[in-house]
Amino acid sequence: PRRLGCLGAPGVTTEAPRLRGASAAARGAQGATLGVALAVAASTTATAALVKRRVRSTAEAGTLRRRGVAGARLVALHARGGDGSADAEFLKQVLREIKELVVLEKSEDETLMRLVASMDEVLVEKNEIVVRQGEKDSSMYIVAEGEVVLELTKAESAEPLTRPVTRGGYFGAVEVLGKTPQKVTARAAQRSRLWRIDSNKFDDIIFGGAQPAAEAVDEGEDGVGDESCSATALREIFIVSDSTAESAKVSVQTALRQFDYCLQKTCGVNRTVVYRFVRTIKEVEEIVGRAGEADALVVFTVMETSLHEALIAACKKQKVEYCDLWGGLLNSLEKKFGAKRSGVTGRKQAVNEEYMKIVKAIEYTRKVDDGVLPNAWAECDIMLVGPSRAGKTPLAFYLAQRGFKVANYPLVPDEEAPPELFKLDQNKCFALTINPEKLRAIRVERMKQFGRSNTQYADLAALKKEVSWIKTFYIRKGPTWPVIDTSDAGVVETASRIMEILDRRKGDSLAAAYVSMD
């Protein structure tokens, strides 16, 4: 193997790191040189090796020191797959399971290994800071050894919220995808080893990688390649608002569901970046400039008149495609009421009967969460029944925010359910189910949060029996309950299905119509 030289840098350890999984000859070579042995596979079927490379420039070392990782060492991993690369296989598995990076679930092994090969190893000592909350470092980190504590500081809380992350845990996934500042401060609880990838490398490999010649384009009759047929092409959407951006975000997410059939197949991959609480024309112009560079669609809900006009003008000037989400509606309302819009940002919540109904529903749902107070279940509007971690609690609170009093009961195999469950109106009951593999993934993640693993709670064989028992329970005890599969459905989708069932019981949409007082 050829040897790579070592660049010394202030604050960076210069002793050659020990090769893991390399041959005995390679390990022996470490005592004779500060270089690192590089084992290159002779063919795609050969066993791959790890290569740890020194900090390539003092600039990288300086970046680490600015983060407070004064004694950290930054090296790099190169892997081509195979049994000789335990870290590479570990990283590939973790990358596939990162829920925020859906694009990786269906990625080819070759693509994932390219991603792994581009990652840098970061070694930190106890109490050293890896990243700080708010820092403009759009990188993701995966913990290979040790423990890192994530700290989230909120304005309303004197003490930061903390969560430990151990082997297989990660942080910065949203940041690497959206190129946003870090949301947490990460501090090493003990000497730890992490792997890092920055957003530029991620984009180059996942979204910008060249396709094989035979698959690069799908030529039409005129022989011109159609870019829209690229499964990995990045389609960016910028959401801009002078308020919370929630309405715009929900609207865009709902609209994108119309393209589920082709996203990550022929429509490319979507990435949405949200800019909220925009206050100045300078911010508007910079956002539009970024949109132009990224060829992004700008979707906005900006009420303040000068910002609204500046945003449209900037988009037209830079030839950026845009969608004024509320423009058409506001124009129609102006005609209907014979008055001009106020341009006031945000929404004032009216404290009326409907609002108080929501408050009472949330309070009730909180009080009876997770199967407590069976004597109060008769008061509920909806009863959710299902296995632990099937999504009952978040679904219950989502429905509560829409005015429904929701109780939920977690089924446990061979445990007798309270008689109150069968005494209440059975039309209120909804049965949730989930496939064992999905349930296992959720429970494994839950166990990681408590630093536990290999429990019966997340054992796949046990989960298959549990899910089978629950389906039998529904047939025996709740034959009239609608059964809803939450395996690939989000909270909003499942809630919509429940509300639709309730409405259809009243008749058609005309019979289910109601007057909103807000």
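This is a short walk through one protein structure, starting with the whole chain and then going to a few local spots.

Hi everyone, thanks for having me. One thing up front: what you are looking at is a predicted model. Every value I mention is computed from it.

Let's start with the overall picture. The protein has 518 residues, and 42% of them are buried. In terms of secondary structure, there are 16 helices and 19 strands. The accessible surface comes to about 28,400 Å², and carbon and sulfur atoms account for 52% of that. For those of you who think in contact maps: take the contacts between residues at least 6 apart in sequence, and 74% of them join residues at least 24 apart.

Now to a sheet. Which strands make it up, and in what order? It is an open sheet of four strands, ordered β5-β10-β7-β8, and the pairing is antiparallel. The edges are β5 and β8, the latter covering residues 161-165, and each of these pairs on one side only. On average, neighbouring strands in this sheet are turned by 25 degrees against each other, ignoring direction. As a reminder, strands of a sheet pair through backbone hydrogen bonds, either parallel or antiparallel. Between β5 and β10, which run antiparallel, there are two bridges. If you want a residue to click on, try I129: its bridge partner in β10 is R187.

Keep R187 selected, since it also takes us to the salt bridges. How many are there in the whole structure? The search finds 19. R187 pairs with E151, with the closest N and O atoms 3.3 Å apart. E151 sits in strand β7, residues 148-152, and R187 in strand β10, so this pair links parts of the chain 36 residues apart. Are the two partners buried or exposed? E151 is buried, at 18% relative accessible area, while R187 is partly exposed, at 29%.

Next, have a look at R191 and E125. Their side chains meet in a salt bridge, at 2.9 Å from N to O. R191 is in the loop between β10 (185-188) and β11 (192-198), and E125 is in the loop between β4 (120-124) and β5 (129-131), so the pair ties together parts that are 66 residues apart in sequence. Here both ends are partly exposed: R191 has a relative accessible area of 49%, and E125 has 34%.

A third pair is R271 with D203, where the closest N and O atoms are 3.1 Å apart. R271 belongs to strand β13, residues 269-275, and D203 to helix α6, residues 199-206, which puts the partners 68 residues apart. Both R271 and D203 are buried. There is also a network of salt bridges, and it links D87, E121, E145 and R193.

While we are at α6, let me point out S199, which is found in that helix. S199 is buried, with a relative accessible area of 3%. Leaving aside residues up to four places away in sequence, S199 touches S138, V176 and K179.

On to another helix, α10, which spans residues 327-337. Which of its residues are buried? They are G327, L330 and E334. Looking down the axis of α10, these buried residues fall within an arc of 65 degrees, so they line one face of the helix. On the other side, K335 and K336 are exposed. Part of what covers the buried residues of α10 is β15, residues 322-324. Just after the helix comes G338, which takes a positive phi of about 65 degrees.

My last stop is F277, in the loop between β13 and α8 (281-294). F277 counts as partly exposed, at 39% relative accessibility. What does F277 touch, not counting residues up to four places away in sequence? The list is S241, D242, S243, T244 and E283. The C-alpha atoms of F277 and A245 are separated by 7.9 Å, with the two residues 32 apart along the chain.

That's my tour. Thanks for listening, and I'm happy to pull up any of these spots on the screen.

Methods. Residues numbered from 1 in each chain as written. Predicted model: local features only at pLDDT ≥ 70, side-chain atom pairs only at ≥ 80, totals over all residues. Heavy atoms only, no water. Buried < 20%, exposed > 50% of the residue type's maximum accessible area, 1.4 Å probe, protein only. Contact = heavy atoms within 4.5 Å. Areas by Shrake-Rupley, 256 points an atom, 1.4 Å probe, with all protein chains shown as cover. Arc of directions from axis to C-beta. Salt bridge = Lys/Arg side-chain N within 4 Å of Asp/Glu carboxyl O. Pairing = 2+ DSSP bridges. Axes fitted to C-alpha atoms, helices over the stretch in contact; angles between N-to-C directions.
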